[in-house]
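Here's a quick tour of one model, told through its charged pairs, one strand and a pair of rings. Have the structure open while you read.

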Amino acid sequence: MRRLMLTALACLALAACKDEAAADPLELLGMGVEWHVTEIAGAPVPAGVSVTIARPEDGMIAGSSGCNRYSGRVSTHDGKLEIGALAGTRMACFGPAEEVERAFHSTIGRAKDAQMAGDTLELTDAAGKVLIRAMK
């Protein structure tokens, strides 16, 4: 009987962990919260270059990609993030801002999930690899 109870408790604990992991990633992004990207594809965002992610309204994502402003559609399907094509301003970018902007645009569309690691938001790909790290 004791073994059965321990097994039942272990199953309940695992189910609770699964429910936390299955939370809607858009809830972690928050509505009207601006996240400041600190790392893209393992590389730190250099000082003086600003990359941000925000959800100004339901179904939208927007921010600064290093030099230009961007916006696009964001949703979830089967609990996974789906970030649509991003539209943006077309200011000329040079040096680190240009490199960061290119990295951001080539990475953000692969994000399929979000998780918190302390105060840091992590956007991950389908395999769980961290693509983007950001802080409030």
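Let's start with charge: E39, E122 and R133 are linked in a network of salt bridges. A salt bridge here is a side-chain nitrogen of Lys or Arg within 4 Å of a carboxyl oxygen of Asp or Glu. Before going further, a word on ground rules: this is a predicted model, where local features need pLDDT of at least 70 and side-chain atom pairs count only at pLDDT 80 or more, while totals for chains, interfaces and linings use all residues. Residues are numbered from 1 along each chain as its sequence is written, and side-chain values use heavy atoms, with hydrogens and water left out.

**Salt bridges**

How many salt bridges does the structure hold? There are four, and the table lists three of them, including one from the network.

| Pair | Closest N to O distance |
|---|---|
| R55 and D58 | 3.4 Å |
| E98 and R102 | 3.3 Å |
| E122 and R133 | 3.0 Å |

In the E122 and R133 pair, E122 sits in strand β8 and R133 in strand β9, so the bridge ties together parts that are eleven residues apart in sequence. Strands are DSSP runs of E with at least two residues, helices are runs of H or I with at least four, and both are numbered from the N terminus.

How open are these partners? Buried means under 20% relative accessible area, exposed means over 50%, and partly exposed is in between (1.4 Å probe, protein chains only). E122 is buried at 9%, and R133 is partly exposed at 25%. R55 is buried at 7%, whereas its partner D58 is exposed at 60%. E98 is partly exposed at 32%, and R102 is exposed at 51%. E98 and R102 are four residues apart in helix α3, so about one helical turn separates them.

**A buried acid without a partner**

Helix α3, residues 95–108, also holds E101. What is the nearest side chain of opposite charge to E101? That would be R102, 8.8 Å away, and E101 is buried yet has no salt bridge. For charge, Lys and Arg count as positive and Asp and Glu as negative, with His and the chain ends not counted. Leaving aside neighbours within four places in sequence, E101 is in contact (heavy atoms within 4.5 Å) with S65, G66, C67, N68 and C93.

**Strand β8 and its neighbours**

Back to the strand that carries E122. Why is β8 largely enclosed by the rest of the structure? Five of the five residues of β8 (residues 120–124) are buried, so the strand is largely enclosed. In a regular strand the side chains alternate between the two faces of the sheet. In β8 both faces are covered: T120, E122 and T124 are buried on one side, and L121 and L123 on the other.

On one side of the sequence comes β7 (residues 113–117), which runs antiparallel to β8 and is joined to it by five bridges. Strands count as paired if DSSP finds at least two bridges between them. M116 has L121 as its bridge partner in β8. The β7 and β8 hairpin has two residues between the strands, and G118 takes a positive phi near 70 degrees there.

Then there's β9 (residues 130–135), also antiparallel to β8 and joined to it by five bridges. Here T120 has M135 as its bridge partner. The hairpin of β8 and β9 has five residues between the strands, with G128 in the turn at a positive phi of about 90 degrees.

**The aromatic pair**

Rings of Phe, Tyr and Trp (its six-membered ring) pair if their centres lie within 6.5 Å; planes under 30 degrees apart count as stacked, over 60 as edge-to-face and the rest as tilted. By this rule the count comes to one aromatic pair. The ring centres of Y70 and F104 are 5.1 Å apart and the planes meet at 45 degrees, so the pair is tilted. It links distant parts of the chain, with Y70 in strand β5 (residues 69–77) and F104 in helix α3, 34 residues apart.

Y70 and F104 are both buried, with Y70 at 4% relative accessibility. The Y70 side chain also reaches the backbone oxygen of T52 at 2.7 Å, a polar contact (a pair of N or O atoms within 3.5 Å; within protein, one must be able to donate a hydrogen and the other to accept it, and residues adjacent in sequence count only if both atoms are side-chain atoms).
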